Amino acid sequence: MAKLGVYENVVAQFDAAAELMNLDPEIRKILSTTINEVIVHFPVVMDDGHVQMFTGYRVQHNNVVGPFKGGLRYHPAVDIDEVRALATWMTWKTAIAGIPFGGAKGGIQMNPREYSLAELERITRRFTFALGNNIGPEWDIPAPDVNTNAQIMAWMLDTYQQMMPPLERNRSSHVVTGKPIEAGGSVGRDKATGQGIVYVIEAWAKDHDFDLAQSTYFVQGFGNVGSWTARLLKSYGATLLAVEDHTGAIAKPGGIDADDLVRYVRQSGGVQGYPHGAAIDHQTFLSTKADIFVPAALENQITAETAPWLDVMLVAEGANGPTNVAGDAVLLEKNIQLLPDVLCNSGGVIVSYFEWLQNKRSEFWDLAEVDSKLHKIIVGGYRRVRDTAREYQTDWRTAAYIVALRRLETVYKERGIFP
Ligand code: NAD
């Protein structure tokens, strides 16, 4: 099957919001394209001595309110279309949150499971070297995404600093976020995206008199975002009915213990074979009858083909772009409510902003401070999107775009276009 385009979703979502809010046509031209697109090809020596070429990307969509910001993904599906879409979503996300960052994204087209740890380190270091000054602590700040983690960020930090003159090194620890805590990371960054999703779901539940303690949910993707969301929802008393990852899907009507599943996945590499759940197929998984579905894997999972299978009240998007335009139409028709990605999964970039601030000021905040500041910012975004949906009588994705575009439109009007 041909790969579904991802960027075409962004364009369609952007056009719908721009029309409805009457976005200034001149500013619309600026925001409908990316600013910089860097593609690097670089060689890495493999463990057996032969050389392999890799292709890496960094797309910078917009920086009118602050440095470019966004994750790095290591995955075979990474290409310019996907990275462009992900970079653009980052601009909307940071604008909705109201934090002083723009949008960027990047990655390497490869399957990291095919490489040893030593090879992954060399690939990461050589990619960082190839990016050179296209990233920087006040210019463009990468973070983890699919198949990248705190270790990868530590290697990037170290490589970047080796390229600096010695007296600049300690001034650049905020060149990446999502670092290990010992290497300058923030407490609460590992769970931040999941924590943000749960804060947004909680705000939605309050508005709808919905009792989370009695609720059921299922999660697609059990990596950073999916597993933390599952674990944190457990603390409200909600019941996890099914989980799917790249190895397969499992279900248990009485509820899966998310913490136990994390331990299993850590040693086995995936949910397949989990002894306290039954294997189910993809369609059965997506047809799970539950209150909440959290897609937290990849794009284009909820489509014209699969959206009709969903039997839930709410979709809370942990992944970026899990629903395409045709999928959105089906959700609306079925009256399934939506917490859109650019709002719902913004906890990661919000706490990345906290990490960046702590590094710049040589500070160290505790978890209570990180969580309470995250709550304030993400629930603020939730309220803006909710109120905008009411104001424009529109769906929540379009409303989220309008919140972002309004802010950016105001900034461009205030600053004007150079020269
Ligand atoms: P991760 O690499 O930690 O986990 C990805 C998960 O998706 C894994 O469990 C993997 O098995 C699963 N997966 C992969 N292919 C799949 C398939 N075909 N079907 C079902 N599951 C599949 O990545 P992550 O950081 O958790 O990111 C997940 C999503 O959340 C991505 O869309 C990412 O862009 C988005 N996101 C991540 C962050 C963050 O802070 N890490 C922040 C915002 C959004």
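A polar contact is a pair of N or O atoms within 3.5 Å. Keep that cut-off in mind for the opening stops of this tour, and remember that you are looking at a predicted model.

**Stop one: the ligand**

Select R73 together with the ligand. A polar atom in the R73 side chain sits 2.9 Å from a ligand oxygen. Now add R189, where a polar side-chain atom is 3.3 Å from an oxygen atom of the ligand. Then pick T193: an N or O atom of its side chain lies 2.8 Å from a ligand oxygen. With those three on screen, switch on a surface if you like. On its own the ligand has 830 Å² of accessible area, and the protein covers 86% of that.

Which elements give two or more residues to the shell around the ligand? Colour α8 (224-234) and β7 (239-245), and you have them.

Next, widen the selection to the whole shell. There are 23 residues around the ligand, and the closest are D145, N147, T193, H246 and N320. Sorted by class, the shell has ten polar, eight nonpolar and five charged residues.

Why does the ligand lie between two domains? Colour domain 1 (34-173) and domain 2 (192-344) separately: both of them give residues to the shell, so the ligand lies between them.

**Stop two: aromatic rings**

Leave the ligand and show the aromatic side chains. Searching the whole structure turns up 17 aromatic pairs. Zoom in on F42 and F54. Their ring centres are 5.9 Å apart and their planes meet at 20°, so this pair counts as stacked. Now show the backbone as well: F42 belongs to strand β1 (residues 36-45) and F54 to strand β2 (residues 51-62), so the pair ties together parts that are twelve residues apart in sequence. Are these two residues buried or exposed? Both F42 and F54 are buried.

Next, jump to Y382 and W396. This aromatic pair is tilted, with 5.5 Å from centre to centre and 50° between the planes. Y382 is in helix α14 (residues 367-392) and W396 is in helix α15 (residues 396-415), so the pair ties together parts 14 residues apart in sequence. Y382 is buried, at a relative accessible area of 1%. W396 is buried too, with a value of 18%; the label fits because buried means under 20% relative accessible area.

Before moving on, select F101, Y353, F354, W356 and W365 in one go. These residues form one aromatic cluster.

**Stop three: backbone details**

Go to the segment after α15, where you will find P419. A cis peptide bond joins F418 and P419, with omega at about 5°.

Now select N335, in the loop between α11 (325-333) and β12 (337-339). N335 is not a glycine, yet it has a positive phi of about 65°. Its relative accessible area is 65%, so N335 is exposed.

Then return to the loop between α14 and α15 and pick out Q393. What is the phi of Q393? It is positive, about 50°, although Q393 is not a glycine. Q393 counts as exposed, at 71% relative accessibility.

**Stop four: three distances to draw**

Get your distance tool ready and use C-alpha atoms. Start with G71, in strand β3 (residues 68-75). G71 is buried, with a relative accessible area of 5%. Draw a line from G71 to I417: the two are 346 residues apart along the chain, and their C-alpha atoms are separated by 28 Å.

For the second line, select G98, in the loop between α3 (80-97) and β4 (103-109). G98 is partly exposed, at 42% relative accessible area. How many ångströms separate the C-alpha atoms of G98 and P275? The separation is 44 Å, for residues 177 apart along the chain.

Finish at E168, which has its place in helix α6 (residues 166-169). E168 is partly exposed, with a relative accessible area of 30%. Draw the last line from E168 to V78: they are 90 residues apart in sequence and 33 Å apart in space, C-alpha to C-alpha.

Methods: Residues numbered from 1 in each chain as written. Predicted model: local features only at pLDDT ≥ 70, side-chain atom pairs only at ≥ 80, totals over all residues. Heavy atoms only, no water. Near = heavy atom within 4 Å. Polar contact = N/O pair within 3.5 Å; in protein donor to acceptor, adjacent residues only side chain to side chain. Areas by Shrake-Rupley, 256 points an atom, 1.4 Å probe, with all protein chains shown as cover. Helix = DSSP H or I, 4+ residues; strand = E, 2+ residues; numbered from the N terminus. Nonpolar A, V, L, I, M, F, W, Y, C, P; charged D, E, K, R; others polar. Domains from an automatic or database assignment. Phe/Tyr/Trp six-rings, centres within 6.5 Å; stacked < 30°, edge-to-face > 60°. Buried < 20%, exposed > 50% of the residue type's maximum accessible area, 1.4 Å probe, protein only.
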